[in-house]
Amino acid sequence: MVQEIGKVPFTLDSVFKCQCLECPVQSMSPCVIEAKEKLNEALKEAPLKREEVPGVYCAAGAATCGDLNPDQHCICAGCIVFSQYELDKGTPAGYFCQRGPAK
Ligand code: SF4
Ligand code: SF4
């Protein structure tokens with residue numbers, strides 16, 4: 001089952017392409033670090049649960065972790081999902097963890 005909120009599918013394929021785990025906006029977040037440690041287990045679930053996957057916010061919507069730092073730089077523009085779905089032409093066009101899914 002694929003959950004679709006915006007135009008990017010919230011799938012394992014998107015998770016594996018996503019760059020959010022490398023992003024400085026969330027790299028210091030204890031909430032994200034905890035979710036990252038459990039990610040292998042979370043990815044076995046179908047459907048994926050957005051609160052267990054710290055990334056693919058362009059598909060899943062804004063982060064459920066409340067301790068991200070949006071003063072840092074969003075690296076979505078370098079992600080293959082971003083170019084694949086032409087997210088630069090949508091709204092929002094980055095910081096999906098803060099602003100919600102790509103539409
Ligand atoms: S565009 Fe951003 S939120 Fe979407 S998959 Fe890529 S890095 Fe993750
Ligand atoms: S959506 Fe952008 S700002 Fe948010 S974690 Fe992913 S790459 Fe970083």
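This passage looks at the cavities, the two ligands and the salt bridges of a predicted model.

Start with the empty space in the protein. The structure holds 2 cavities of 30 Å³ or more. The largest cavity offers about 200 Å³ of space. Its lining runs to 21 residues, and those closest to the centre are Cys18, Cys20, Tyr57, Cys76 and Phe96. Three helices each give two or more residues to this lining: helix 4 (57–60), helix 5 (80–84) and helix 6 (96–99). By class, the lining of the largest cavity comes out at 18 nonpolar and 3 polar residues, with no charged ones.

Now for what fills that space. Ligand 1 takes up the largest cavity, and ligand 2 sits in the largest cavity as well. Around ligand 1 are Cys18, Gln19, Cys20, Val56, Tyr57, Cys58, Cys76, Cys79, Val81, Phe82, Leu87 and Phe96. The elements that supply two or more residues to this shell are helix 4 and helix 5. Sorted by class, the shell around ligand 1 has 11 nonpolar residues and 1 polar residue, and no charged residue turns up.

Ligand 2 has its own set of neighbours, namely Cys20, Cys23, Val25, Gln26, Tyr57, Cys74, Ile75, Cys76, Tyr95, Phe96 and Cys97. Here the split by class is 10 nonpolar and 1 polar, again with no charged residues. Some names come up for both ligands: Cys20, Tyr57, Cys76 and Phe96 belong to the shell of ligand 1 and also to that of ligand 2. These four are also among the residues closest to the centre of the largest cavity.

The second largest cavity holds about 50 Å³ of space. It is lined by Ala35, Arg50, Glu51, Glu52, Val53, Pro54, Tyr57, Ala63, Thr64 and Cys65. Charge does show up in this lining, which divides into 6 nonpolar, 1 polar and 3 charged residues. The charged ones are Arg50, Glu51 and Glu52. Tyr57 is worth picking out, as this residue lines the second largest cavity while also being one of the residues closest to the centre of the largest cavity.

That leaves the charged side chains. Side chains of opposite charge can pair when their charged atoms come close. The model has 5 salt bridges in total, and three of them are described here, starting with Glu45 and Lys49, whose side chains meet with an N to O distance of 2.6 Å. Both partners of this pair are partly exposed: Glu45 has a relative accessibility of 29%, and Lys49 comes in at 34%. Because those values fall between the 20% and 50% cut-offs, neither residue counts as buried or exposed.

Another salt bridge joins Lys38 to Glu34, with N and O 3.1 Å apart. Glu34 has a relative accessible area of 43%, so this residue is partly exposed too.

Then there is Glu86, which forms a salt bridge with Lys89, the closest N and O atoms lying 3.4 Å apart. The two ends of this bridge fall into separate accessibility classes. Glu86, with a relative accessible area of 42%, is partly exposed, whereas Lys89 counts as exposed because its 62% relative accessibility is over the 50% cut-off.

How values were computed
Residues numbered from 1 in each chain as written. Chains lettered and ligands numbered in written order. Predicted model: local features only at pLDDT ≥ 70, side-chain atom pairs only at ≥ 80, totals over all residues. Heavy atoms only, no water. Near = heavy atom within 4 Å. 1 Å grid on protein atoms, 1.4 Å probe; cavity = no way out; pocket = protein on both sides within 12 Å on 5 of 7 lines; lining within 4 Å. Sits in = over half its atoms within 2 Å of the grid points. Points joined across faces, edges and corners; volume = space filled by probe spheres on them. Helix = DSSP H or I, 4+ residues; strand = E, 2+ residues; numbered from the N terminus. Salt bridge = Lys/Arg side-chain N within 4 Å of Asp/Glu carboxyl O. Buried < 20%, exposed > 50% of the residue type's maximum accessible area, 1.4 Å probe, protein only.
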